[in-house]
Amino acid sequence: MESSNEGVARAGDGGAVEVPAHTEASASVPVAPEAVVAEPVEAIGPEAVEAVAPGGVATAVGAKAPASLSPSRAGDFMQCPLLYRFRVIDRLPEKPSPAATKGTLVHAVLERLFDAPAAERTAPRAKSLIPGQWDRLRETRPEVVELFADDPEGERLAGWLVEAERLVERWFTLEDPTRLEPAERELFVEAELDSGLRLRGIIDRVDVAPTGEVRIVDYKTGKAPRPEYAEGALFQMKFYALVVWRLKNVVPRRLQLVYLGSGDVLTYDPVLADLERVERKLLALWDAIRLATETGEWRPRPTKLCGWCDHQAHCPEFGGTPPPYPLPVTLPVRAAESADGAQGRMGPG
């Protein structure tokens with residue numbers, strides 16, 4: 001991590017999942033309050049958050065009460081409840097950022113590379129995918145064109161694409177795609193807990209060993225966190241492991257974070273007790289979200305990350321005023337009380 005690899009175990013590139021070193025040590029790393037959002041959140045795809053009208057009361061156009069939780073939205077609430085409200089309830093627009101967009105592009109390249117036969121999964125082949133995936137990204141998300149609107153000569157864009165190439169190249173020093181055959185890529189997962197809370201997200205890659213052991217892999221285009229923030233970085237992965245456990249009754253053998261920005265691989269082997277702790281934490285978090293929805297009180301929580309927030313004009317910490325609260329001040333209907341009896345699914349979102 002950064003200048004040291006203490007607490008980081010290198011994962012094998014083959015089909016089998018090896019046991020990482022220092023598993024117990026990594027489990028005892030303290031968590032900072034902002035650890036889960038210690039770096040800009042990378043996009044993992046659109047979240048189709050379901051609308052639930054509290055008590056059957058009509059809501060303002062575009063405003064929807066929370067009905068599910070993903071790792072990124074959980075991170076938003078822990079970082080700043082008001083940010084969560086702006087993103088989930090008010091759905092205020094946000095400008096695309098170069099870092100997040102680069103992450104989306106690199107993720108797309110690494111996903112598409114596995115379409116090729118194993119022997120053709122080379123660094124030159126991966127880099128050759130970047131222009132096409134960038135064109136596709138501009139078609140599906142036209143707003144990203146604004147990133148380089150003031151770059152008529154294309155110099156900034158060219159440099160940005162070179163940075164993406166370097167991240168893709170670094171991946172080949174961390175994993176060998178010719179020895180990998182992912183069971184799933186960009187896998188949408190969703191499960192409903194006994195409490196009625198619906199969890200959902202998109203997993204970058206799922207590897208399944210011949211023995212049936214499951215490895216969940218997530219790519220990060222930033223740098224690995226410092227050791228004291230490692231547990232926070234694993235929160236997203238434990239979230240996914242919890243969903244997989246609830247869906248398949250299988251505890252993933254390994255959680256693996258691949259940091260392309262620094263060339264580190266952080267691994268952790270979860271046990272059932274880990275997933276039960278995460279579930280309790282998410283239930284407590286959901287209770288806090290439901291209470292804020294009921295009362296309409298979404299308090300800002302100032303941190304150093306505020307400097308990157310798109311919503312300063314609406315934030316009291318910056319002299320702004322939030323939009324009028326668009327929901328009735330009542331509790332949302334619990335997902336468990338809905339007519340949908342499905343307990344979960346794994347597949348396209």
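Which residue does the side chain of Glu143 meet in a salt bridge? In this model, which is predicted, the side chain of Glu143 meets that of Arg141, with nitrogen and oxygen 3.4 Å apart. Neither residue needs to be sought in the interior, because Glu143 is partly exposed, with a relative accessible area of 32%, and Arg141 also counts as partly exposed, at 26% relative accessibility. Side chains of opposite charge can pair when their charged atoms come close.

The structure holds 30 salt bridges, and a few of them can serve as landmarks. Glu231 forms one with Lys238, where the closest N and O atoms are 2.3 Å apart, and here both Glu231 and Lys238 are buried. Lys238 also takes part in another kind of arrangement, since its charged end sits over the ring of Tyr268, 4.6 Å from the centre of that ring. A further salt bridge joins Arg253 to Asp269, with 2.4 Å between the closest N and O atoms. This pair links distant parts of the chain, for Arg253 is in the loop between α9 (235-248) and β4 (254-259), while Asp269 is in the loop between β5 (264-268) and α10 (272-295), 16 residues apart. Arg253 is partly exposed, with a relative accessible area of 24%, whereas Asp269 is buried, with a relative accessible area of 7%. Salt bridges can also join into a network, as they do where Arg73, Asp76, Arg87 and Glu94 are linked.

From the charged pairs we can turn to the nonpolar interior. The largest nonpolar core has 52 residues, and those with the most contacts inside it are Leu69, Leu199, Ile216 and Leu282. Helix α9 gives the most to this core, with 9 residues. The surroundings of Ile216 can be followed in the structure: leaving out residues up to four places away in sequence, Ile216 touches Ile203, Arg205, Met237, Tyr240, Ala241, Val244, Pro252, Arg254, Leu255 and Gln256. There is also a second, separate core of 26 residues, which includes Val106, Ala126, Ala164 and Val168.

A helix that deserves a look of its own is α3, which spans residues 81-89. Because 8 of its 9 residues are buried, α3 is largely enclosed by the rest of the structure. The buried residues are Pro81, Leu82, Leu83, Tyr84, Arg85, Phe86, Val88 and Ile89, and what covers them includes α2 (71-79) and α10. Just after this helix, Arg91 takes a positive phi of about 55 degrees.

Another helix, α6 (residues 130-140), is the place of Gln133. At 12% relative accessibility, Gln133 counts as buried. Apart from its neighbours within four places in sequence, Gln133 is in contact with Leu105, Ala108, Val109 and Arg112.

The aromatic side chains give another way to read the model, which holds 10 aromatic pairs. In one of them, the ring centres of Phe148 and Trp160 are 5.3 Å apart and the planes stand at 65 degrees, so the pair is edge-to-face. Phe148 lies in the loop between α6 and α7 (155-174) and Trp160 in helix α7, so the pair ties together parts that are 12 residues apart in sequence. Phe148 counts as buried at 11% relative accessibility, and Trp160 counts as buried at 5%. Elsewhere, ring pairs link Phe114, Trp171, Phe172 and Tyr219 into a cluster. A charge over a ring appears again at Trp245, where Arg246 lies over the face of the ring, at 4.6 Å from the ring centre.

The cysteines remain to be considered. A search of the whole structure finds 0 disulfides. Cys80 is in no disulfide, and the nearest cysteine sulfur, that of Cys315, is 6.2 Å away, although a disulfide would require the two sulfur atoms to lie within 2.5 Å. For Cys306, likewise in no disulfide, the nearest cysteine sulfur is that of Cys315, at 6.3 Å. Cys80 counts as buried, at 11% relative accessibility, and Cys306 also counts as buried, at 17%.

Terms used
Residues are numbered from 1 along each chain as its sequence is written. This is a predicted model: local features need pLDDT of at least 70, side-chain atom pairs count only at pLDDT 80 or more; totals for chains, interfaces and linings use all residues. Side-chain values use heavy atoms; hydrogens and water are left out. Buried means under 20% relative accessible area, exposed over 50%, partly exposed in between (1.4 Å probe, protein chains only). A salt bridge is a side-chain nitrogen of Lys or Arg within 4 Å of a carboxyl oxygen of Asp or Glu. Helices (H or I, at least four residues) and strands (E, at least two) are DSSP runs, numbered from the N terminus. Contact means heavy atoms within 4.5 Å. A nonpolar core is a set of buried Ala, Val, Leu, Ile, Met, Phe, Trp, Tyr and Cys residues joined through side-chain atoms within 4.5 Å. Rings of Phe, Tyr and Trp (its six-membered ring) pair if their centres lie within 6.5 Å; planes under 30 degrees apart count as stacked, over 60 as edge-to-face and the rest as tilted. A charge sits over a ring if NZ of Lys or CZ of Arg is within 6 Å of the ring centre and within 35 degrees of the ring normal.
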